Amino acid sequence: MSAPTGSSITAQAARRRTFAVISHPDAGKSTLTEALALHAEVIDSAGAVHGKSGRRGVTSDWMEMERKRGISVTSAVLQFAYRDSVINLLDTPGHGDFSEDTYRVLAAVDAAVMLLDAAKGLEPQTLKLFDVCRSRRIPVLTFVNKWDRPGREALELLDEVEQTIGLRPMPVTWPVGVAGELRGLIECATGEFTRFHRTAGGATRAEAEAVTAEQIVAEEPQYWSAAQDELALLDEIGAGFDEKAFLAGTATPVLFGAALPNIGVARLLDALVELAPAPEARDDADGRARELDAPFSGLVFKVQAGMDPSHRDRMAFVRVCSGRFERGMVLTHAGSGKPFATKYAQSVFGQQRSTIEEAFPGDIVGLVNAGALRPGDTLYAGDPVEYPPIPSFAPEHFAVVRSADAGKHKQFRRGIDQLDSEGVIQVLRSDLRGDQAPVLAAVGPLQFDVVTARLESEFRAPVTLEALGYSVARRTDAAGAALLADQSEVEVFTRRTDGELLAVFANKWRLQSTQRKFPDIVLDALPAGSTDR
Ligand code: G4P
């Protein structure tokens, strides 16, 4: 962590940029993350962070499972200094089945970078994640990646962004040369041109060279004039930067580049520092703003166990919302009113951890042995505060889970309790079914695989799953539960974490016929994890 230079909490907060990258798998998120860290000079060769095949860094068997399946469940948090700023980059799971985790991560950021593959544009998972950003009013910057290889036209991509998600594109840089023939980038505000020299494999920074207009006109007359025509067109339609529209989530600054050869990556960091918002006062559950310089408060957005196979511990990731965090301070857990000691506070850089002594709004603190904490919880010092809960998504997959080994029932229960409180999966119960065989409810089926694997490897509790034929869940109340008790193709459960009553239906037709039969019944929709478009 960098040494603080400003003295006050607000000055420290003003230096922070806390963001996540949202993208479809394969758009280049891991590559971009590494390139960003490389530019910020926290690591000296790309590949230290994510531990994909052939790269360093796989440390736990949990990671091993992720690696084998090519999914990324475990979020890393990167913090690095850049110019006078402190950048906090929060990773989000790449797979749509873990959209609930992504939603929680996005509850902890102040901005997002929407990463597009130049050949593919907006893809389904990008759209879903963008919807989350929109619903949370998170300003979005757009980075069009892979411009070093053949792709679509720049104007066409911008048009797609505007037409599909209604975000007005405001180019910050503009490519000279079509995708695959990138000659360099024009800075839209000044007209300056920068050429990049690639380095082998992109393992070190691409060298940038400022080139005069005369020189580039002479060398690349066609590409240069095409870029100038496009810029003139953009000028005509008024695509200049509009901060208010960006912060309101109606427009997006767009940058072009290629993460692999490190082209345009430094410019993206500059844009984050210059354009992305710093942390601001956050509203509590009653809508009152907790000022940045109020006593410490933080939001737990993720709880992760088994990150380090040698310590079967459990870490809560806390986003600092107000005040100064100092290791050792005793906080209050808003939900229970109990004290929480922070002696073992850590920062998490990829798979590495180090002790964290202090942190400011926007920073992420890892709290070890966080058995009592769950995603959405608030911790505070001084004046009490509680942030709004992070909503659980509507589950669409249901299965009864049973211990496969009668002698392991204790481990089985402990495992289910832990995974439930980490928010890995929703655990439902009903008097009818009893507690021996709880029902697991998931947004995506891969969550079941995670549960099964973790119960077996961490708790030595092998399980069997029996799928239930439900796919739609609605929130109901006691009166609704009574009405539905003897209906077919519907069952009512209590969600263990929050006591919500969930009515689950075989399909949407069964839901509709139930609504017709009981017009006054309470059947409220839950936030959707999978957005059908
Ligand atoms: P993800 O985390 O979003 O899933 O994507 P990742 O970074 O793993 O990138 C997916 C593939 O796209 C990788 O290739 C990566 O090297 C490539 N890639 C990322 N950025 C760029 C870019 O700017 N230009 C080009 N040409 N390629 C890029 P791969 O062959 O699938 O995997 P790997 O073996 O290289 O890891």
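Reader: Before we get to helix packing, what are the axes and angles based on?
Author: Axes here are lines fitted to C-alpha atoms, for helices over the stretch in contact. Angles run from 0 to 180 degrees between N-to-C directions. Keep in mind that this is a predicted model.

Reader: OK, so at what angle do α4 and α5 pack?
Author: Take α4 as residues 99-106 and α5 as residues 124-135. Their axes lie 10 Å apart, and the crossing is right-handed. The packing angle comes out at about 35°.

Reader: How many residues of that contact are nonpolar, polar and charged?
Author: On the α4 side you've got Thr102, Tyr103 and Leu106. From α5 come Leu129, Val132, Cys133 and Ser135. Sort them and you get five nonpolar, two polar and no charged.

Reader: Moving on to the seven-stranded open sheet, which strands are at its edges?
Author: The order reads β27-β24-β26-β25-β29-β30-β28, with antiparallel pairing. An edge strand pairs on one side only. That picks out β27 (463-468) and β28 (472-476).

Reader: Which residue of β27 stands opposite Arg402?
Author: β27 pairs with β24, residues 397-403, in the antiparallel sense. The two share six bridges. Opposite Arg402 stands Thr464.

Reader: And which residue in the turn of the β8 and β9 hairpin has a positive phi?
Author: β8 (184-187) and β9 (193-197) pair antiparallel over two bridges, with Ile186 partnered by Phe193. Five residues sit between the strands. The one in the turn with a phi of about 80° is Gly191.

Reader: How many bridges join β9 to β10?
Author: β10 covers residues 207-211 and runs antiparallel to β9. Thr194 stands opposite Ala210 there. The bridge count is five.

Technical notes:
Residues numbered from 1 in each chain as written. Predicted model: local features only at pLDDT ≥ 70, side-chain atom pairs only at ≥ 80, totals over all residues. Heavy atoms only, no water. Helix = DSSP H or I, 4+ residues; strand = E, 2+ residues; numbered from the N terminus. Left-handed = near helix turned anticlockwise from the far one by under 90°. Contact = heavy atoms within 4.5 Å. Nonpolar A, V, L, I, M, F, W, Y, C, P; charged D, E, K, R; others polar. Pairing = 2+ DSSP bridges.
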